[in-house]
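Here is a structure to read step by step. Keep the sequence and the 3D view side by side as you go.

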Amino acid sequence: MRDAKHFLGTWVIASLLPPLFALDVYVHPNGNDQAAGTPGQPVQSLEEARDRLRAASDQADINTVWLGDGLYRMQQTLSLDERDSGPVTGRNRWCAAPGAT
């Protein structure tokens with residue numbers, strides 16, 4: 001019984017901790033696809049953000065694309081497939097950047 005309580009307590013604490021590694025890619029219509037993808041240096045295209053998540057999907061637990069305010073003009077439809085659902089142990093998500101509407 002003591003082992004079960006210890007396991008349960010450890011599991012609860014571990015589930016509340018942030019992931020070991022998370023990739024954040026920031027996107028803004030005025031960004032640059034050669035940029036770092038940080039809040040101060042966002043990439044410009046949704047395709048670049050998607051490709052960066054794909055490249056890191058086996059290294060990160062949670063991958064997030066943060067979309068800044070603006071109009072994203074695209075020449076073609078953004079294609080997503082099973083590679084874009086995220087790593088086996090985590091997930092990919094696309095969210096409005098803090099303060100974006």
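The paragraphs below go from the whole chain to its sheet, then to a helix and a pair of rings.

This is a predicted model. The protein chain has 101 residues, and 30% of them count as buried. Its secondary structure comes to two helices and three strands. Follow the sequence from the start and the elements appear in the pattern α-β-α-β-β. The surface exposed by the protein chain is about 7200 Å². Carbon and sulfur atoms supply 56% of that area. Many contacts bridge long stretches of sequence: among those with a separation of 6 or more, 63% join residues 24 or more positions apart.

Now turn to the sheet. In which order do the strands lie? The order is β1-β2-β3, in an open sheet of three strands with parallel pairing. The edges belong to β1 and β3, each of which pairs on one side only. From one strand to the next, the twist averages 15°.

Take the two pairings in turn. Strand β1 covers residues 22-27, and it pairs with β2 in the parallel sense over six bridges. To find this pairing in the view, look for aspartate 24, which stands opposite threonine 64 in β2. Between these two strands the chain passes through helix α2, residues 46-56. This β-α-β crossover from β1 to β2 is right-handed. On to the other pairing: β2 meets strand β3, residues 91-96, again in the parallel sense and over six bridges. Here asparagine 63 stands opposite asparagine 92 in β3.

How many residues of β2 are buried? Strand β2 spans residues 62-67, and five of its six residues are buried. That makes β2 a mostly covered strand.

Next comes the helix of the crossover. Helix α2 lies across β1, β2 and β3. It runs at about 170° to β1. Which residues of α2 are buried? They are Leu46, Ala49, Arg50, Leu53, Arg54 and Ala56. The cover over these buried residues of α2 includes β1, β2 and β3. So the strands that α2 lies across are also among the elements that cover its buried residues.

Finally, look for aromatic rings. A pair of aromatic rings is described by the distance of the centres and the angle of the planes. A search of the whole structure finds one aromatic pair. It is formed by tyrosine 26 and tryptophan 66. Their ring centres lie 6.1 Å apart, with 20° between the planes. The pair counts as stacked because its planes are under 30 degrees apart. Along the chain the partners are 40 residues apart, tyrosine 26 in strand β1 and tryptophan 66 in strand β2.

Are the two partners buried or exposed? The cut-off for buried is under 20% relative accessible area. Tyrosine 26 has a relative accessibility of 18%, so it counts as buried. Tryptophan 66 has a relative accessible area of 17%, so it is buried too. The stacked pair thus brings together two buried residues from distant parts of the chain.

Note on methods: Residues numbered from 1 in each chain as written. Predicted model: local features only at pLDDT ≥ 70, side-chain atom pairs only at ≥ 80, totals over all residues. Heavy atoms only, no water. Buried < 20%, exposed > 50% of the residue type's maximum accessible area, 1.4 Å probe, protein only. Helix = DSSP H or I, 4+ residues; strand = E, 2+ residues; numbered from the N terminus. Pairing = 2+ DSSP bridges. Right-handed = clockwise from strand over helix to strand, strands pointing away. Phe/Tyr/Trp six-rings, centres within 6.5 Å; stacked < 30°, edge-to-face > 60°. Axes fitted to C-alpha atoms, helices over the stretch in contact; angles between N-to-C directions. Contact = heavy atoms within 4.5 Å. Areas by Shrake-Rupley, 256 points an atom, 1.4 Å probe, with all protein chains shown as cover.
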